[in-house]
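Colleague: I would like a close look at a single part of this model, set within the whole chain. Please take me through it with care.

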Amino acid sequence: MDYQTLANVILSHVGGKENISSVVHCATRLRFKLKEMKKADADGLKKEPGVIMVVESGGQFQVVIGNHVHDVWLAVCDAAGLKEDAPVVASDEKSSLFSRLIDIISGIFTPFIGILAASGILKGILALAVVCNWLTPESGTYKIWFAASDALFFFFPLVLGYTAGKKFGGNPFITMAIGGALTHPLMIAAFDAAQMTGAVSETFLGIPVTFLNYSGSVIPIILASWVSCWLEKQGNRFLHSAVKNFFSPVLCIAVTVPLTFLIIGPVATWLSQGLANGYQAIYTLSPWLAGGAMGALWQVCVIFGLHWGLVPLMINNMAVFGQDSMLPILLPAVLGQVGATLGIFLRSRDKQQKTLAGSAVAAGIFGITEPAVYGLTLPLRRPFIFGCLGGSLGGAIVGFSGTHTYSFGMANVFSFAQMIPPGGIDATLWGGIVGSAASFMLALLLTCIAGLPKAPAAVAAPAQKPEADGMTLLAPMSGSVLALDQVTDATFASGVLGDGVAIIPVDCRVVAPFAGEVASLFETKHAIGLLSDSGVEMLIHVGIDTVKLDGKPFTAHVSVGDRVEPGDLLLEFDRAAILEAGFDLATPIIISNSENFASVNNVAPTSVQAGKPLLAVAV
């Protein structure tokens, strides 16, 4: 993929680099914070090759790219002249409190989501290795790998300090230093001493200090970073430029660090425990109901990017309880979509759809469901619903079984290893496995049985029975025949809109290629959609990018819903005017529901006359 070209296309559709406040990325999507959302062209960007989907949610303009999103992000930053440590520019548009909260959370956590997932996977593998007696906790090998997997979680305040500082528009190294103070050996030693004596033994300027263990904590450093960034901005406003680069950081760390140990930390810890206990109370009230609801709705949250609001809660559960019950519930939601996608792979007869399904299944197993959801299950509707039903069933089983994970990660196949309790394998692990397998199998079976539309021949009228094994479609215009992959428009050439051919017309008429009705007619009259009596959906798109002509060279002789017979005049166009305007006249003729047929093949020679055989469609 030409990442730089794609980056330029994306920039043009988000209103240009001057409209970007910030851009980060998660596992599959670019997350833009735009100054003016109305300047972005979501519909246009959705049509671009290399873009899976565009979602506007949580105050963000999210562009779903896929697994190579990091390379595209680098190209976007390069094209827009954005530096990694560039301050966030305030948006000109007001957003709701909920949208701002989602934006803050995603902006803080997305930069290190990859290493976060990797650390969780390694912890799960180590747990499996201990259960299988491959390693012992006393061995040097185990200790080194454990340190590698635990470092991120132990020093969470440093990492969160850096990303929170960037998100709040301050110096990230100042807030990272504050996070380092929270996990400094002296502070941990003071906490251990206080635990042993059970009394407050230290003071700050005569004020008693309650020491807490902030390793692995989330909320204290985020609140402390916000305070530090606010102080930094005030210091930069009032201090002279000759000294502010030194004394503004002094002000931040000298005030924020003790303030965190005295007030922010204890209050944030109380808030963390309150959130964890509140979630636990809801979960305890009806684990199977909570599991069923979360399993059904998780992928809906992912579609709109709202799932980031739950990530800190899962991490907080780990920090407070040492275990989390939410992540195991979400695994069936992921595997439900994987099962539905595998069902599409097994049942579809469309080569491109099968290829996309195969790669999406592989990505989904490792927790990346956006290619499957946006590319397959959601457009086909029923597979997405079946995946959510499977997630609901599996989540209810997991919740009923009381399954937990004992290290944080993203929901994927490696999560099973993270479900192994410290004491060894028990029924809760098997509940997680059974629930996930049930979700996968239910979605797979439902999709195989009823997930894809039936072939049109199954509902064809009696007079069309001779077409049961195939049908021949006539050419809607006269001209030279061009293979679809030779068309200059990448969207048509890739076949993503369906199989077919293109014709370079020699006259100015478009006629009906079969008996049916007009299903759609663009306002600019440059393209028309037809539906045959036997269920074939055809798109005829006169020229490339001719929508930009605003309909001037085109005349429509039919309207949506009109009945047409082979040879009826549909459109006329001014061939010379289109060419003089500099547009390519190659006309893609697409079977837009190609997935319903075994094959769509060109049967015409290098040129064809209107009304002569053009495409053979095999059922």
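To begin with, how many helices and strands are there in the protein chain, and which residues does Gln-337 contact, leaving aside its neighbours within four places in sequence?

Modeller: This is a predicted model, and the protein chain in it has 21 helices and 20 strands. Its pLDDT averages 84, with 92% of the residues scoring at least 70, although over residues 86–92 the pLDDT is below 50, a stretch that still has 15 contacts in the model beyond near neighbours in sequence. The pLDDT also stays under 50 over residues 455–469, where the model has 16 contacts beyond four places in sequence. Where pLDDT is low, the predicted coordinates should not be read in detail.

The chain is divided into domain 1 (3–80), domain 2 (98–267), domain 3 (286–292 + 304–359 + 371–453) and domain 4 (471–618), and the centres of domain 1 and domain 3, taken over C-alpha atoms, are separated by 28 Å. Of the 619 residues in the chain, 49% are buried, and among contacts between residues at least 6 apart in sequence, 74% join residues at least 24 apart.

Now to the residue you asked about. Gln-337 lies in helix 14, which covers residues 326–347, and because its relative accessible area is 0%, under the 20% cut-off, Gln-337 counts as buried. Leaving aside neighbours within four places in sequence, Gln-337 is in contact with Gln-299, Val-373, Thr-377, Pro-383, Phe-384, Gly-387 and Cys-388.

Two of these partners, Val-373 and Thr-377, are themselves among the buried residues of helix 16. That helix, residues 370–380, is largely enclosed by the rest of the structure, because eight of its eleven residues are buried; besides the two just named, the buried residues include Glu-370, Pro-371, Ala-372, Tyr-374, Leu-376 and Leu-380. After helix 16 comes Arg-381, with a positive phi near 70°.

Helix 13, residues 311–321, can be described in similar terms, for it is mostly covered, with eight of its eleven residues buried. Those buried residues are Val-311, Pro-312, Leu-313, Met-314, Ile-315, Asn-316, Asn-317 and Met-318, and just after the helix Gly-322 takes a positive phi of about 80°.

Terms used
Residues numbered from 1 in each chain as written. Predicted model: local features only at pLDDT ≥ 70, side-chain atom pairs only at ≥ 80, totals over all residues. Heavy atoms only, no water. Buried < 20%, exposed > 50% of the residue type's maximum accessible area, 1.4 Å probe, protein only. Helix = DSSP H or I, 4+ residues; strand = E, 2+ residues; numbered from the N terminus. Contact = heavy atoms within 4.5 Å. Domains from an automatic or database assignment. pLDDT = per-residue confidence, 0-100.
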